[in-house]
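Subject: Structure handover

Hello,

Here is the structure I said I would pass on. My notes on it follow below.

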Amino acid sequence: MRLPQQHERVTVDGLGNIMQGKYTKGSGKESPVRVPKVGAKREGKVTAEERKELLSRDKVNIHKQSIDKSEINDIISLRGEPFHVFHNHGSGETFSLTDIQSFVDINNALSITAVGNNGNNYCLSRLTDNKPNAYGFFLRNKSRTTIYSVNDVNISLAKLSDSIEREKLKPVIEKLSDEQKADLARAIISQIYKCLKGGAKYGFKYTEPS
């Protein structure tokens, strides 16, 4: 199934991969914080001193740096200024529930853009008059709604987004026929679009390729 991707490369004002160690091929450029190659796998986490060094630099001169996903909130709070998030979707599909919820929860994130390998660009932006708490409540309700049922097993976006629940669902999904998998994929995409387009009521604008 081609589904909205849960884990992708993320760049915050030029800062590098949140998913530490996923992208192991470096460009060969020297990193400003003693990492041999940009994008190369890093041993250990980025220290607080290194993060401050990166964030204190002029935006034009910031180099990509591997960052553990758990540290993104530290980076955001250190910066404390509006920013835009860009990341790639190899599938060329739209945002995942995780993308949407993470963006909504970060008040100084102005927009999130997904660039597909097929050239498709998707953007969710925060308007001046926005209501993140209300939108977050809306998303939680949508994510818990059953979108597909098989053999008395109910599937929702929330379960598919949770690593433990996803593992429980894996054997169930693997036994589905190709037609059933296609139906599930369509159900996921449909619910994701409801989540995205529902944001208009709360001051969040979604745009996609026409």
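Among contacts between residues at least 6 apart in sequence, 64% join residues at least 24 apart. Please keep in mind that this is a predicted model. The protein has 210 residues, and 43% of them count as buried. Its exposed area is about 11,500 Å², of which carbon and sulfur atoms supply 49%.

The secondary structure consists of seven helices and seven strands. Along the sequence they come in the order β-α-α-β-α-β-β-α-β-β-α-α-α-β.

I looked at two helix pairs, and helix 4 belongs to both. Two packed helices are described by the angle between their axes and the distance between the axes.

Helix 3 with helix 4. Helix 3 covers residues 97-105 and helix 4 covers residues 132-144; their axes come within 10 Å and cross at roughly 160 degrees. Because that angle is over 145 degrees, helix 3 is roughly antiparallel to helix 4. The crossing is left-handed. On the side of helix 3, the contact is made by Leu97, Ile100, Gln101 and Val104, and on the side of helix 4 by Pro132, Tyr135, Gly136, Leu139, Arg140 and Ser143. Sorted by class, these are six nonpolar residues, three polar and one charged.

Helix 4 with helix 7. Helix 7 runs over residues 178-197, and its axis comes within 10 Å of the axis of helix 4, with a crossing angle of roughly 165 degrees. This pair is therefore roughly antiparallel as well. The crossing here is right-handed. Helix 4 contributes Tyr135, Phe138, Leu139 and Lys142 to the contact, while helix 7 contributes Gln191, Lys194, Cys195 and Leu196. By class, the contact has five nonpolar residues, one polar and two charged. Tyr135 and Leu139 of helix 4 appear in the contact with helix 3 and also in the contact with helix 7.

One residue I checked separately is Leu160, which lies in helix 5, residues 157-161. Is Leu160 buried or exposed? Its relative accessibility is 13%, so Leu160 counts as buried, the cut-off being under 20%. Leaving aside residues up to four places away in sequence, Leu160 touches Ile155, Arg166, Leu169, Ile173 and Ile188. Of these, Ile188 falls within the range of helix 7, residues 178-197. Lys170 is ten residues from Leu160 in sequence, and the C-alpha atoms of the two are 9.4 Å apart.

Regards

How values were computed: Residues numbered from 1 in each chain as written. Predicted model: local features only at pLDDT ≥ 70, side-chain atom pairs only at ≥ 80, totals over all residues. Heavy atoms only, no water. Axes fitted to C-alpha atoms, helices over the stretch in contact; angles between N-to-C directions. Helix = DSSP H or I, 4+ residues; strand = E, 2+ residues; numbered from the N terminus. Parallel < 35°, antiparallel > 145°, perpendicular 65-115°, else oblique. Left-handed = near helix turned anticlockwise from the far one by under 90°. Contact = heavy atoms within 4.5 Å. Nonpolar A, V, L, I, M, F, W, Y, C, P; charged D, E, K, R; others polar. Buried < 20%, exposed > 50% of the residue type's maximum accessible area, 1.4 Å probe, protein only. Areas by Shrake-Rupley, 256 points an atom, 1.4 Å probe, with all protein chains shown as cover.
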